[in-house]
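Me: I am new to this structure and would like a close look at a single part. Please take me through the neighbouring strands there step by step.

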Amino acid sequence: MRIVLDPIRAGVLFTCLVLPGCGGEAYLYTNDLDIKPGPGLLSGEKGAFTLIKIRSQERANISAQPGPAGTGPETR
Amino acid sequence: MKIERFGPILIGTTIALSIAGQVQAAESGATDSEVLLQLKRMIEQQQAQLDKQSAEITTLKERLGAGERVAEPPFRRKPLAGESQPMTAEVVDNADKLVTSRNANIDVELYGQINRAGLWADNGDSSSVYFVDNSASSSRIGVNTKGEIDDYQVGAKIELQLNSNRSSRVYTNEDGDEVTSGDGVAIRHVDGFFAKDGLGKFSFGRGNSASNGTSEIDLSGTKVAAYSGVHDMAGGQLYYDNPTRTLSDTHIRNTFSHMDGLSRRDRFRYDTPKFSGVMFSAGANEGDAYDFAGRYSRRFGSFKFAGALAWAIPGQLFGGDFNNQYNGSMSVLHDSGFNLTAAGGARDAKDSDRDDPTFYYGKLGYKAKIWDLGSSNFSIDYMKEDNLDQNDDVGRTYALAFVQDLKKWGTEVYLAYRNYDLERTDVDFDNVNALWAGARIKF
C-alpha cells in the first residue's frame, strides 16, 4: 500500500510527533469563552458560589446544631 | 467527647441514687443495713457500667485520632432517674458531633455571567443599533457538581443559555423593522462524567462534542470581542445588493463559519489522560455523527503554546451534505504580550457538483499591562472563507479589537470593529460594517 502525504498533512503529522517530545513545562489551556477563569464580581476569588462543600476528612457535623468552625458542611 | 466530664456525672449519679434509695428504703420499711447494702450494690453496678463506657469512648477517640471514619450510630446514654438535665444535654450535644460518616468529597457550585453589548451595523444602505447578547460568549447560568469517591472523580454540569436578542441573529428587514432573536432558554450542558487518573474521562449527556472548541484556540485575550467565530458579532445582518437596490436574503452567518468541530451535542465522549501536554478525544454524537480530536498545550520558556486538530464525520448534521470535516487552530503567546493565532478548516462535500468549503484565519495581538486593573488586550484579525453558502463565494472579514480586563471585578469591557465582504457570482453586495461595545461580567 502506498501512502501519499501532501505537505500540509506531512507538516501536521510532523508537528504532532515532534512537539510532545520537545520538553517544556505543563500549561493548561482553557477556553475562556465558556466561563472565564478567575474571580467573579460577586462571588469573589473563587468565581463561583459554593452551594455545598463536604470533605470526607472532616469530622462533619451534619446536625442542626452548628459545631465548631470548620467541622460542618459549608453552605452559603 | 471528654472523659473528664464523667466525673461530675458519676458524682451526680451517686447522689441521685442515694437519695432515691433512701426514699425507697423509707417507703418499704427496710432496715438501714439493708439499704446500705442495696446502695453499695447499685453503686458498684453503676461504676462497672461507667468503666465500660469509658473504655468504649477511649477506643472511639483512638479511632477518630487515626482519621478513621466512624459509622456507628452516635452514643447516647439514657438518663438515669434523678439525673439532672444539664448533664443529659451535655452528653447529647457531644454525641451529635460523632456523626461523621462520609463517603466522598463533594462540591456544588453556582456560576454564571452576563454579556451584553450595543451593536451598530451598516449594510451599505441603512444602519441600525441593537442591544444584544454577545453570541461569542452568551449570558448563562449553571450548576457544577464534582465529587470524589475513592479514586474516582464524578460530577455533573447543568448550564443554561439565556437567549435575548442574540448578536448573531438580529437584523433589520426590508421594511426597516428590527427582527430580534426572541427570548428563550437553551440547554448548553446537561452533562455527567466520571474519571480516574490514568484511565481518562468519560462524559455522557449534552455537552461539548469531542471536537468542540478546536477552531477556537486563542491566547490573545480579545476572544470575547473578536475571534475565529466571526459570524457571532453581526451574523444576522443581510447583505445589500447595491446595483439592484435590494436587500438579499443571505445572512452573514450563512457565508462565514469557523467549522468548530461538531459544537455541543447529545453525545458520549471519551478523553484520554494528558501526557506531555497531549490529550486525545473521541465522541459518538446525535445524528449519526462521530468526531476525534487531539489537543496540545505547553509552556516553552517565555512562550505559551496551545493547539488542537479535529476530524469529524458529521452524518446527518450540517444538512447531511458533508462526508468529513477537518479543522484546527493554534495560538502562541510570548511573555512580552505579543501573540499569534491561526485557524483553518475544510469540509468534504458529498455532492460532486459542490465545491468544498474552506476557511483560514489569522490574528496578531498584544497584551499590555498599562494599569493594575488587568491586562489591556489589542488585536487585528483576518479571515477568508470559500464556497460555504454557494460555489465560488469568497468571504473576507477583518477586525480591530480592544478588551480591557478588570480582573478583580470579574469583568471585561470591550470595543471592536469588523468589516464583512462577500464576493458572489452575478451580484455586488456592499460590505457590512459593524461596531460593538459591551461588557462581560462574571458573577
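Reply: What follows looks at a run of paired strands in one chain.

This is a predicted model, in which local features need pLDDT of at least 70 and side-chain atom pairs count only at pLDDT 80 or more, while totals for chains, interfaces and linings use all residues. Residues are numbered from 1 along each chain as its sequence is written, chains are lettered from A and ligands numbered from 1 in the order in which they are written, and side-chain values use heavy atoms, with hydrogens and water left out.

The part begins with strand β14 of chain B, residues 303-313, which pairs in the antiparallel sense with strand β15 of chain B, residues 322-334, over 10 bridges. Strands here are DSSP runs of E with at least two residues, numbered from the N terminus, and two of them pair if DSSP finds at least two bridges between them. Within this pairing, B:F303 stands opposite B:H334 in β15(B).

Strand β15(B) is also joined by 11 bridges to strand β16 of chain B, residues 338-349, and these two run antiparallel. Here B:N327 stands opposite B:G345 in β16(B). The hairpin of β15(B) and β16(B) has three residues between the strands, and in this hairpin B:G337 takes a positive phi near 110°.

Elsewhere in chain B, B:D150 has its place in the loop between β3 (140-149) and β4 (152-164). With a relative accessible area of 68%, B:D150 is exposed, a word that stands for over 50% relative accessible area, where buried means under 20% and partly exposed lies in between (1.4 Å probe, protein chains only).

Technical notes. Helix = DSSP H or I, 4+ residues; strand = E, 2+ residues; numbered from the N terminus.
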